[in-house]
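User: Hey, I've got this one open and I'm new to it. Can you walk me through it?
Analyst: Sure, let's take a look together.
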Amino acid sequence: MSTTPSSAKLRVLLIVEHHGDVFLLREMVNEEPHSRFVIGAEAGSLADATTRLASGGIDVVLLDLELADSHGLETFTAFRKTAPTLPVVVLSDVEDEELALQTVQLGAQEYLVKGRIVPHLLHRALRYAVERARADAQLAHERELLATLLENIPDRIYFKDRRSRFIRINRALTEFFGLASAEAAYGRTDGDFFDPAAAQQMLADERSIMETGQPILGKIESKTLTNGEVSWTLTTKLPLRDRAGLIIGTCGISREVTAFKTLEEQLATERHLLRALIDNLPDLVFLKDAEGRYLLDNPAHMRFLGASEFSEIDGRTPFDFFPDPIARVLHEEDMAIIRSGQPVYDHEQKVADISGHMRWLLTTKIPWLSEGRAVGLVSISRDISVQKLAELHLKQANADLKSRRQDLMAAVKDLQEAHQDLRATQLQLVDAEKMKSVGRLAAGVAHEVKNPLAIMKMGLEYLSTLPIEDETAPLILKEMSDALHRADTVIRGLLDFSAPKQLEVRRTSINVIVNQALRLVRGEMKRGCQVQRELQEDLPQLALDADKISQVFVNLFTNSIHAMGGGGTLFVRTYSKQLTGVGSNISDQRSESFRVGETIIVVEIDDTGPGIAEDKLAKVFEPFFTTKPTGQGTGLGLSVVKTIIDLHGGTIDLRNLPDAGLRVTIMFQA
Ligand SMILES: Nc1ncnc2c1ncn2[C@@H]1O[C@H](COP(=O)(O)OP(=O)(O)O)[C@@H](O)[C@H]1O
Ligand SMILES: [Mg+2]
């Protein structure tokens, strides 16, 4: 090094009373070549020195123990009070080992005997003093730091000897042990403070550290204290070495983590609970990230995807499990929710699981929000296939029930109709039975009355030939004759009605019979009735009892003529037709008598009379039903007509024409 600039030189305070010594020491300090020191100030007494020190700027002190105001060791102790940290080189007149030792023990850095001082020795002593003071100060500082650390850190720190006895513990550990002072722990072991098992374990750890020199870092330990409390610590233990590097024990630091541990256990418990809940839920649960990759799912959802453990699902998307179109739907649906941040609640959907089975799911999907942004979604789906199926079955069953009900109603209606038919048939049967009785009665009466009537007729004819003078006699005879005629008409009607039901059938042209009957009613027609005939020429001949059919037409024509009263037109039509079924104008009743495809001969008789009131239409075939005054109608005409047509296997139908008049339709099978 080059010359040290005087400004950088260390300044010495010379506290010496004797002038000769002062001169000598001054010389020695200043004249040494490359001296690092310079006399900064001089004092002849302790009082002077104190005054001088107050203005500062002193680095090291040369202190003579023999001063005007102080002597011997006393001088040093007094000076130290004034300047506790300044490095001091003590000067003495005598070579006194005892005194030298005492001053050094009290904090002097060096001890020199005045008579023996040579310049380089003085310089060295000054250097050492300064260095030692600096080292002491540093040591003290470090000791302070350590003490601060040990006193204030809440972590528990200890030092142990090779036999694991405490040699130093900090305040936190002292308090933890419940001791009044740290020293109370010294010489004792963990066995005095912890449960035997924990103490044993710590002892084993420390032995291993001392054997191997390997520290134990960040170990979580649990210890039961003597008061029964459990303490969790995060502990680091190191070998304790001396300066030579020999292991002389162990030291360690423990941080109390019971609170964390408790929290961790609570969290773990909650996590387990939650996991157990999710795993045991029959619902399908999964969590996806913002890219639509599965982050979490439960066994129900795993089964849905056909996986047996989560590793098969972790980080995958529906595209890894489903065919493209299905996967796209599932993926897009979820991505839409993540994009929009809008949840979907109880959405019912039909989806195929991995094995292609259709399942009905009731799904709720909620965006997973972090700082207001959707970073994924949570989905939970309930499999409602069973309910859905039951619902469908129920619907089906209801529909079946409805249709069955309709069937049943139809059946009931049919039954009612059948019942009505039956009742009608029954009534017809009753009527038929009545007719038979009436017929027998009529036959009996007619027979009994016929002969007396014949006798009366002959009697009247005879009387009318006699010359009687009374003027009223011919009138009376005329009235009697008319009455007889009427009675005869009734009797003949009765006889016709009760005539034996046998036909004398021959093949005959219906047109011939129609014309014949028209001739027979010619007398009645005089009153101004017209006849119009439309008789089909080439009709096939029919097997008929010509007399009886003629009687039918006479009766019908007569009825029409009577109905038309003063005048009108009687239309008579005959024609044949093929029964086609569809579109046929044949009524239900008639269609029962003939079959589709048969040739039918039809006789239609229309008149221009008033027709028959609807409520009477059903009754006109009953015997003795008539709307005509006594003497004009017997009510037997249509009864006889019906009987004869029935015997021929034909049908007869009366219906009113739209405008006016009645149409009688008679049909025979060709
Ligand atoms: N062409 C017709 N126009 C209107 N009413 C008719 C016709 N034919 C029959 N009748 C009605 O049917 C009833 C019964 O007829 P019928 O048996 O021939 O008995 P009657 O002619 O003796 O009255 C008649 O009284 C009449 O009321
Ligand atoms: Mg009549």
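Analyst: One bit of vocabulary to begin with: Ala, Val, Leu, Ile, Met, Phe, Trp, Tyr, Cys and Pro count as nonpolar, Asp, Glu, Lys and Arg as charged, and the others, Gly among them, as polar. Also keep in mind that this is a predicted model.
User: Okay, so how do the residues of the shell around ligand 1 divide?
Analyst: There are 9 polar residues, 6 nonpolar ones and 2 charged ones.
User: And which residues come nearest to ligand 1?
Analyst: Out of 17 around the ligand, the nearest are Asp607, Thr626, Thr627, Lys628 and Leu638.
User: What is 2.6 Å from an oxygen atom of ligand 1?
Analyst: That's an N or O atom in the side chain of Thr626. Leu638 has a polar backbone atom 2.8 Å from an oxygen of the ligand. For Ser560, an N or O atom of the side chain sits 3.5 Å from a nitrogen of ligand 1.
User: How much of ligand 1 does the protein bury?
Analyst: The protein buries 92% of the 530 Å² that the ligand exposes when taken alone.
User: Which helix gives the most to that shell?
Analyst: Helix 15 does, with 3 residues. This helix covers 546-564, and helix 18, covering 637-647, also supplies at least two shell residues.
User: Switching topic. What domains does the chain have?
Analyst: The domain assignment lists domain 1 (10-148), domain 2 (153-261), domain 3 (281-380), domain 4 (400-498) and domain 5 (506-669).
User: How many Å separate the centres of domain 1 and domain 3?
Analyst: 87 Å, taken over C-alpha atoms.
User: Where does Leu13 lie?
Analyst: Leu13 is in strand 1, which runs over residues 10-15.
User: Is Leu13 buried or exposed?
Analyst: Its relative accessibility is 0%, so Leu13 counts as buried; the cut-off for that is under 20%.
User: How far apart are the C-alpha atoms of Leu13 and Val620?
Analyst: They are separated by 169 Å, and the two residues are 607 apart along the chain.
User: Last topic, cysteines. How many disulfides does a search of the whole structure find?
Analyst: It finds 0. As background, a disulfide is a covalent bond between the sulfur atoms of two cysteines.
User: And Cys251 and Cys529, buried or exposed?
Analyst: Cys251 has a relative accessible area of 13%, so it is buried. Cys529 counts as buried too, at 12% relative accessibility.

Technical notes: Residues numbered from 1 in each chain as written. Chains lettered and ligands numbered in written order. Predicted model: local features only at pLDDT ≥ 70, side-chain atom pairs only at ≥ 80, totals over all residues. Heavy atoms only, no water. Near = heavy atom within 4 Å. Polar contact = N/O pair within 3.5 Å; in protein donor to acceptor, adjacent residues only side chain to side chain. Areas by Shrake-Rupley, 256 points an atom, 1.4 Å probe, with all protein chains shown as cover. Helix = DSSP H or I, 4+ residues; strand = E, 2+ residues; numbered from the N terminus. Domains from an automatic or database assignment. Disulfide = S-S within 2.5 Å. Buried < 20%, exposed > 50% of the residue type's maximum accessible area, 1.4 Å probe, protein only.
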